[in-house]
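Let's take a walk through a protein model together, starting from its strands and ending at its surface. Keep the viewer open as you read.

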Amino acid sequence: MHGRGNIVICLVLVATVHAVQGQQTDATISGFVYDADSGEVLIGCNVYFDDIELGTTTNLHGFYSLPQVPPGAHTLKCSHVSYDATSDLITLSPNQALRM
């Protein structure tokens, strides 16, 4: 019986944290990075915004997620040791979730 109480409390805390975060105006951008020729996912690609010093790397599935991006225009850059770097200018609205 004691174990169930701990699980319920954890679920309530998680729900509360998400509700508070939902009030923020920051955007989230996520997506996958692929090789343009073969279509294979790229593992360990650097995906970042220079202007706000925010970045991440792609996982084993080529997926990345950048939460808490301030709204506005930013240049999203992507680099990998074996590839030419790319960049895209994107404009994010408050609370936007952009999937690329």
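Two strands are said to pair if DSSP finds at least two bridges between them. With that in mind, look at the open sheet in this predicted model: three strands form it in the order β4-β1-β7, and the pairing is mixed. The edges are taken by β4 and β7 (97–99), each of which pairs on one side only. From one strand to the next, the twist averages 10°.

The contact between β1 and β7 is a good place to zoom in. These strands pair in the parallel sense, over three bridges. To find the register, look for Ser 30, which stands opposite Arg 99 in β7.

Now step back for the whole chain. The protein has one helix and seven strands, and along the sequence the pattern reads α-β-β-β-β-β-β-β. Of its 100 residues, 21% count as buried. The accessible surface comes to about 6,900 Å², and carbon and sulfur atoms account for 58% of that. What share of the contacts between residues at least 6 apart in sequence join residues at least 24 apart? The figure is 49%.

Other pairings involve β5, so to speak a strand with two partners to visit in turn. Four bridges join β2 to strand β5 (residues 72–79), and the two run antiparallel. Here Asn 46 has Ser 79 in β5 as its bridge partner. Strand β6 (residues 86–92) also runs antiparallel to β5, joined to it by seven bridges. Lys 77 and Ser 87 in β6 are bridge partners. Together β5 and β6 form a hairpin, with six residues between them.

Next, follow β4 to Val 69, which lies in that strand. Is Val 69 buried or exposed? Val 69 counts as buried because its relative accessible area is 0%, where the cut-off for buried is under 20%. Leaving aside residues up to four places away in sequence, Val 69 touches Asp 26, Ala 27, Ile 29, Phe 49, Ile 52, Leu 54, His 74 and Leu 92. You can also gauge its place against Ser 93: the two are 24 residues apart in sequence, and their C-alpha atoms are 9.8 Å apart in space.

The backbone deserves a look too. Most residues other than glycine have a negative phi. Two residues here are worth checking in your viewer. Gln 68, in strand β4 (residues 63–69), has a positive phi of about 60° although it is not a glycine. Glu 53 is not a glycine either, and has a positive phi of about 50°. Where does Glu 53 sit? Glu 53 is found in the loop between β2 (46–49) and β3 (54–57). Glu 53 counts as exposed because its relative accessibility is 75%, against a cut-off of over 50%.

Finish at the surface. Which residues make the nonpolar patch? Phe 32, Tyr 34, Val 41, Ile 43 and Leu 60 make it, and the patch covers about 470 Å². Phe 32 links this patch back to the open sheet, as a residue of strand β1 (residues 27–32). With a relative accessible area of 31%, Phe 32 counts as partly exposed, and this value meets the requirement of over 30% for patch residues.

Definitions and conventions:
Residues numbered from 1 in each chain as written. Predicted model: local features only at pLDDT ≥ 70, side-chain atom pairs only at ≥ 80, totals over all residues. Heavy atoms only, no water. Patch = residues over 30% accessible without salt bridge, like charges linked within 9 Å, V, L, I, M, F, W, Y side chains within 5 Å. Areas by Shrake-Rupley, 256 points an atom, 1.4 Å probe, with all protein chains shown as cover. Salt bridge = Lys/Arg side-chain N within 4 Å of Asp/Glu carboxyl O. Buried < 20%, exposed > 50% of the residue type's maximum accessible area, 1.4 Å probe, protein only. Contact = heavy atoms within 4.5 Å. Axes fitted to C-alpha atoms, helices over the stretch in contact; angles between N-to-C directions.
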